Amino acid sequence: MPNCYAALDDILTLAALSNAPRDQVQISGTDPVLASNFFIGTAGAAAIAATGLAAANLWQEKTGRSQSVSIDVRRAAMAMRSDRFLHRDGKNIYGWDPVSGIYQAKDGRWIQLHCNYPHHRDRTVTLLGAKPEKDSVTSAIAKMDALEIENAVTEAGSIAGMVRSPEEWAAHPQSSSVDALPLFEILKIGDNDPEPLPDGKRPLSGIRVVDVTRVIAGPMCGRTLAEHGADVMRISGPGLAFSEALVIETGHGKIAAEIDLGIESGKETMRDLIRSSDVFSQGYRPGTIANRGFSPEEMAAIRPGIICVSLSAFSHAGPWQHKRGFDSIVQCCSGLVHEHSQGREEAPVHLPAQCLDYVTGYLGAFGVMEALRRRANEGGSWLVRVSLAQTAHWLKRLGRFGTSEDARDLPDPELSDVMDLTMQTETKFGSIVHLAPAVTLSETPAYWASPPVPLASHAPVWPS
């Protein structure tokens with residue numbers, strides 16, 4: 001049976017916090033909550049509880065006062081699919097590009113295309129010799145083998161993932177590379193004098209976070225830090241495609257600026273921003289940001305004491321470390337989709353939540369807060385590394401329900417089913433209904449100090 005406290009212990013032990021006051025944490029409820037045999041609510045509750053405990057640890061570091069942390073498994077499970085409950089002016093704005101989805105190839109195997117950004121869609125349909133329409137893409141894929149498509153799309157700089165069985169994934173060299181990694185890493189990358197935590201009324205008051213991320217997992221790391229009082233500036237680049245729905249979903253508590261890292265003046269602007277920041281979080285493939293002059297080591301030289309976050313799809317190790325990917329692609333490649341769909345007659349389907357994205361984002365935020373605690377006590381610059389693939393392996397290790405107690409037929413929750421978990425916020429995008437913060441802290445409640453804003457709404461300088 002699922003055990004939330006054991007999952008939380010996984011996280012705390014890995015961070016060398018096995019002596020942390022876990023008795024401050026209360027987790028109520030149990031899986032199953034969503035239509036899956038995987039313990040999605042358990043994973044979410046453990047990751048979110050860990051962020052709450054890390055915030056409480058920082059508060060105790062600042063004030064000497066302890067506080068309790070609580071989370072409910074149902075609330076945590078819904079937080080793993082928070083994007084699906086986002087409504088603007090009464091309308092659901094969750095959605096994918098029509099070309100995105102899982103298709104059957106010539107050899108009978110299944111493959112997913114991820115075409116939610118126009119440039120990925122254009123590269124993929126051009127390669128397939130198809131029109132950007134579902135029927136045309138279906139016909140084109142039916143003429144090719146799945147692995148052939150995966151390799152060709154990847155080489156073309158776009159995104160696809162073949163649905164593999166757990167056994168096939170276990171035999172893949174990328175799986176072996178991920179298996180050799182822990183769930184996450186918090187690494188000291190430079191020496192520096194200890195920096196006391198800034199004064200303030202919240203655990204992360206006065207902490208400045210540069211958020212150079214997109215989609216869900218990376219922005220969720222920044223959103224979670226904002227939830228506990230950090231000042232977070234989301235940085236976009238000119239001309240980069242984005243999903244407005246996800247900008248809204250992950251933009252709570254942030255300001256937003258634009259910097260062009262393709263030109264020297266933009267790089268200098270970023271260096272100036274880093275010099276007055278505490279955290280730099282980036283969610284691009286390994287080496288991408290480093291090639292622009294912003295490797296963790298270079299940033300530690302620019303700003304000794306910086307906390308760097310590196311978030312990727314398939315991890316920083318192995319032959320696929322540079323492969324593009326999103327939650328749904330990693331689900332397909334890693335055997336999650338195959339196992340979730342096994343025994344069903346219809347086409348393979350994803351898990352009922354993008355839980356790899358959300359769990360990984362929360363783990364990144366947990367790593368940042370623990371690194372800040374270490375910086376306050378022993379000094380140094382720090383690197384936090386997380387990936388969707390490492391989270392996928394951990395989710396599988398947590399266990400699942402068996403076929404005799406199959407949970408895959410549970411109803412799929414609608415907004416009307418979770419209204420008790422929501423809040424309404426007036427924004428420049430319109431009136432937004434969305435999930436409220438999932439964790440409860442007894443002395444420093446989690447909340448966002450400002451609504452989401454459109455990208456590039458602010459200058460790339462910290463407000464005084």
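Here are four short exercises, each with a worked solution, on a predicted model.

**Exercise 1: The three-stranded sheet**

Task: Work out in what order the strands of the open sheet of 3 strands lie, and why strands S1 and S17 each have one side without a neighbour in the sheet.

Solution:
- Begin with the order, which is S1-S2-S17, and note that the pairing is mixed.
- Then look at the edges. S1 (25-28) and S17 (440-441) stand there with a single partner strand each, so one side of each has no neighbour in the sheet.
- Turn next to how S1 meets S2 (residues 69-72): the two pair in the parallel sense, over 4 bridges. One place to see this pairing is Gln26, whose bridge partner in S2 is Ser70.
- Finally, add the helix that packs on this sheet. Helix H2 (residues 40-63) touches S1, S2 and S17, and its direction makes about 165 degrees with that of S2.

**Exercise 2: A glutamine in a loop**

Task: Find where Gln67 lies, and decide whether Gln67 is buried or exposed.

Solution:
- Locate the residue: Gln67 sits in the loop between H2 and S2.
- Check its accessibility. The relative value for Gln67 is 4%, and buried means under 20%, so Gln67 counts as buried.
- List its contacts. Leaving out residues up to four places away in sequence, Gln67 touches Gln24, Ala56, Trp59, Leu441, Ser442, Glu443 and Thr444.
- Pick out the polar contacts among these neighbours. The side chain of Gln67 reaches the backbone nitrogen of Glu443 at 2.8 Å, and a polar contact of 2.9 Å links the side chains of Gln67 and Thr444.

**Exercise 3: The seven-stranded sheet and its helices**

Task: Trace the open sheet of 7 strands and name its edge strands. Then find which strands helix H9 touches.

Solution:
- Read the order across the sheet: S8-S14-S13-S12-S9-S10-S11, again with mixed pairing.
- Name the edges. They are S8 (185-190) and S11 (254-258), each of which pairs on one side only.
- Note the turn between neighbouring strands, which is 20 degrees on average with direction ignored.
- Zoom in on one pair. S12 (residues 279-282) and S13 pair in the parallel sense over 4 bridges, and Gln282 stands opposite Ser310 in S13.
- Place H9, which packs on the sheet and touches S9 (208-212), S10, S11, S12 and S13; its direction makes about 165 degrees with that of S9.
- Ask how enclosed H9 is. Since 11 of the 11 residues of H9 are buried, the helix is largely enclosed by the rest of the structure. The buried residues include Met220, Arg223 and Glu227.
- Step just past H9 to Gly229, which takes a positive phi of about 110 degrees.
- Add one further helix: H16 (residues 388-397) lies across S13 and S14 (381-387), running at about 60 degrees to S14.

**Exercise 4: The largest pocket**

Task: Describe the lining of the largest pocket, and find which element gives the largest share of it.

Solution:
- Start with the volume of the largest pocket, about 850 Å³.
- Count the lining: there are 36 residues, and Arg214, Gly283, Tyr284, Arg285 and Thr288 lie nearest the centre of the pocket.
- Sort the lining by element. Those that give two or more residues are helix H4 (118-128), helix H9 (217-227), strand S10 (231-236) and strand S13 (307-312).
- Choose the main contributor: H4 provides the largest share, 3 residues.

How values were computed:
Residues numbered from 1 in each chain as written. Predicted model: local features only at pLDDT ≥ 70, side-chain atom pairs only at ≥ 80, totals over all residues. Heavy atoms only, no water. Pairing = 2+ DSSP bridges. Contact = heavy atoms within 4.5 Å. Axes fitted to C-alpha atoms, helices over the stretch in contact; angles between N-to-C directions. Buried < 20%, exposed > 50% of the residue type's maximum accessible area, 1.4 Å probe, protein only. Polar contact = N/O pair within 3.5 Å; in protein donor to acceptor, adjacent residues only side chain to side chain. 1 Å grid on protein atoms, 1.4 Å probe; cavity = no way out; pocket = protein on both sides within 12 Å on 5 of 7 lines; lining within 4 Å. Points joined across faces, edges and corners; volume = space filled by probe spheres on them.
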